[in-house]
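Got your viewer open and a coffee to hand? Let's take a walk through this one, selecting a few things at a time.

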Amino acid sequence: MAYVLPEKLRNIVPYAPGGEGVPVRLDANESFLAPSGEIWEEILERIAALKLNRYPDMLAGRLLALAGARYGVSPDLLTGGCGSDELIGLIFTHLLSPGDTCAFLMPDFSMYEVYANQSGVKGIDVGADLYAKQRLPGEEDSFVDTVIARVKKSGAKLFILSNPCNPTSLLIGREEMRRIHDALPDVLLISDEAYMEFAREAGSLLSLVEKSDHLIVLRTCSKAFGMAGIRLGFAAAPRTITNALRAVKAPYNLNVFTQAAGEVLFSHPEYLDRCIETIIASREALYAMVSQIAREKGWETDAPQTNFVLLRTGRDRKAAEYLKERGISVRTLSCGIRITAGSETENAAVVAALREF
Ligand SMILES: *Cc1c(COP(=O)(O)O)cnc(C)c1O
């Protein structure tokens with residue numbers, strides 16, 4: 001008998017970003033700022049001094065100390081990952097058992113469903129009609145109450161959400177997140193804070209990690225710090241969960257290049273702050289222009305809390321095709337087109353094309 005793939009993998013499709021080769025890439029929420037100048041020189045110096053015949057530091061001690069200082073979390077409570085993507089995968093595979101249930105608040109990051117599927121975990125969407133509710137000011141309390149009630153009812157062992165959210169770009173504030181955390185003591189809460197820098201930490205649960213026993217906060221260098229290429233993310237979690245994550249990860253998951261570049265990066269907090277402010281300024285400029293067009297054309301968009309703008313045109317697929325023909329790649333999702341804030345030239349290009357559409 002020939003080898004057959006497990007049932008869950010028979011119809012699986014590899015992740016495809018889809019913007020390769022397009023001149024203006026505004027589809028993957030990357031930073032438009034690549035490390036240059038002094039930072040880049042320092043990274044090159046560090047790389048030149050590496051001994052590649054040796055394994056990297058298993059726990060990335062120096063890197064975690066520097067990252068811990070930045071995030072205000074003890075390095076003992078941090079685990080490094082090959083992007084936060086790897087950490088999400090580890091959480092689904094190892095902190096849950098096949099047959100367990102996990103709750104999503106859709107629309108949210110598409111990879112959550114992929115990882116749940118791969119690990120035989122049943123995903124339940126508690127989002128349904130909530131996106132519309134969340135967009136109304138003054139509805140925060142009733143939004144949170146509904147989320148709590150639905151997660152409880154789902155029987156989920158784990159509740160994962162991105163905050164601020166990819167793709168809606170909306171933020172759930174710290175008080176609201178805290179209320180969700182406190183009301184669900186039996187549920188492992190994963191606060192994926194890939195974009196939290198752009199909301200100036202307003203919804204972050206990092207400060208709760210040391211006091212909690214059912215929380216993991218995920219952070220990444222891919223979005224605000226312009227380092228998607230080195231693949232570096234972190235899980236901040238209470239000690240018992242951190243011990244488990246460190247035990248299940250591959251021992252040398254962070255290679256020497258990643259650790260070296262990460263150490264240089266976190267040694268320059270003022271550079272990181274500058275990156276955040278520059279990208280927020282770009283987002284605000286893009287949003288001002290896009291919301292102006294939206295008003296003229298009867299499209300919809302909300303004030304963004306991330307490094308991208310979500311736009312609903314009513315003809316999103318057509319709009320994205322139109323942009324692509326003009327050399328601009330954006331991401332089309334069921335809830336709109338997601339446009340990453342780019343350089344001034346890139347923003348001007350996408351705005352001009354949207355105006356013509
Ligand atoms: C981009 C993104 C990630 C993955 O980031 P990496 O650290 O590059 O793996 C995780 N979560 C969300 C919501 C994202 O948008």
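The tour goes from the ligand to its pocket, then to the enclosed cavities, and ends with some backbone oddities. One thing to keep in mind as you click: this is a predicted model.

**Stop 1: the ligand**

Select the ligand and show the residues around it. The shell has 14 residues, and D192, Y195, T220, S222 and K223 come nearest. Color that shell by class and you'll find four nonpolar, six polar and four charged residues. Now bring up helix α3, residues 83-94: this helix gives the largest share of the shell, three residues.

Next, turn on side chains and look for polar atoms facing the ligand's oxygens. Start with T220, where a side-chain N or O atom is 2.5 Å from an oxygen atom of the ligand. Then pick S222, with a side-chain N or O atom 2.6 Å from a ligand oxygen. Finish with N166, which places a polar side-chain atom 2.8 Å from an oxygen atom of the ligand. How much of the ligand's accessible area does the protein cover? On its own the ligand has 380 Å² of accessible area, and the protein covers 94% of that.

**Stop 2: the pocket around it**

Hide the ligand for a moment and look at the space it leaves. That space is the largest pocket, with a volume of about 560 Å³. Its lining runs to 26 residues; select Y15, A28, D85, F109 and K223 to see the ones closest to the centre. You've met K223 already, among the residues that come nearest to the ligand.

Which helix gives the largest share of this lining? It's α3 again, with four residues. Add α4 (111-118) to your selection too, since α3 and α4 each supply at least two lining residues. By class, the pocket lining splits into 10 nonpolar, seven polar and nine charged residues.

**Stop 3: the enclosed spaces**

Now leave the pocket and look for voids. Rolling a probe the size of a water molecule over the atoms shows where empty space is left. Here, the structure holds two cavities of 30 Å³ or more.

The largest cavity has a volume of about 110 Å³. To find it, select L105, P107, Q134, C165 and T168, the closest to its centre among 13 lining residues. Then show α5 (130-134) and β5 (158-162), each of which supplies at least two residues of that lining. The walls comprise eight nonpolar residues, four polar ones and one charged.

For the second largest cavity, at about 50 Å³, select M58, L59, A60, L64, L78, T79, G80, R246, K249, N253 and L254, which line it. Strand β2 (residues 78-81) gives the largest share of this lining, three residues. Its class tally is six nonpolar, three polar and two charged.

**Stop 4: backbone oddities**

Switch to a backbone view and zoom in on P107, which you saw close to the centre of the largest cavity. The peptide bond leading into P107 from M106 is cis, with omega near 0°. P107 sits in the loop between β3 (101-104) and α4, and α4 is one of the helices that supply the pocket lining.

Where is the other one to look at? Jump to P164, in the loop between β5 and α7 (174-183). N163 and P164 are joined by a cis peptide bond, with omega at about -5°. Trace back along the chain to β5 and you're at a strand that helps line the largest cavity.

Last pick: A60, which you've selected once already in the lining of the second largest cavity. Check its phi, which is near 50°, a positive value in a residue other than glycine. You'll find A60 in the loop between α1 (37-48) and α2 (61-71).

Notes
Residues numbered from 1 in each chain as written. Predicted model: local features only at pLDDT ≥ 70, side-chain atom pairs only at ≥ 80, totals over all residues. Heavy atoms only, no water. Near = heavy atom within 4 Å. Polar contact = N/O pair within 3.5 Å; in protein donor to acceptor, adjacent residues only side chain to side chain. Areas by Shrake-Rupley, 256 points an atom, 1.4 Å probe, with all protein chains shown as cover. 1 Å grid on protein atoms, 1.4 Å probe; cavity = no way out; pocket = protein on both sides within 12 Å on 5 of 7 lines; lining within 4 Å. Sits in = over half its atoms within 2 Å of the grid points. Nonpolar A, V, L, I, M, F, W, Y, C, P; charged D, E, K, R; others polar. Points joined across faces, edges and corners; volume = space filled by probe spheres on them.
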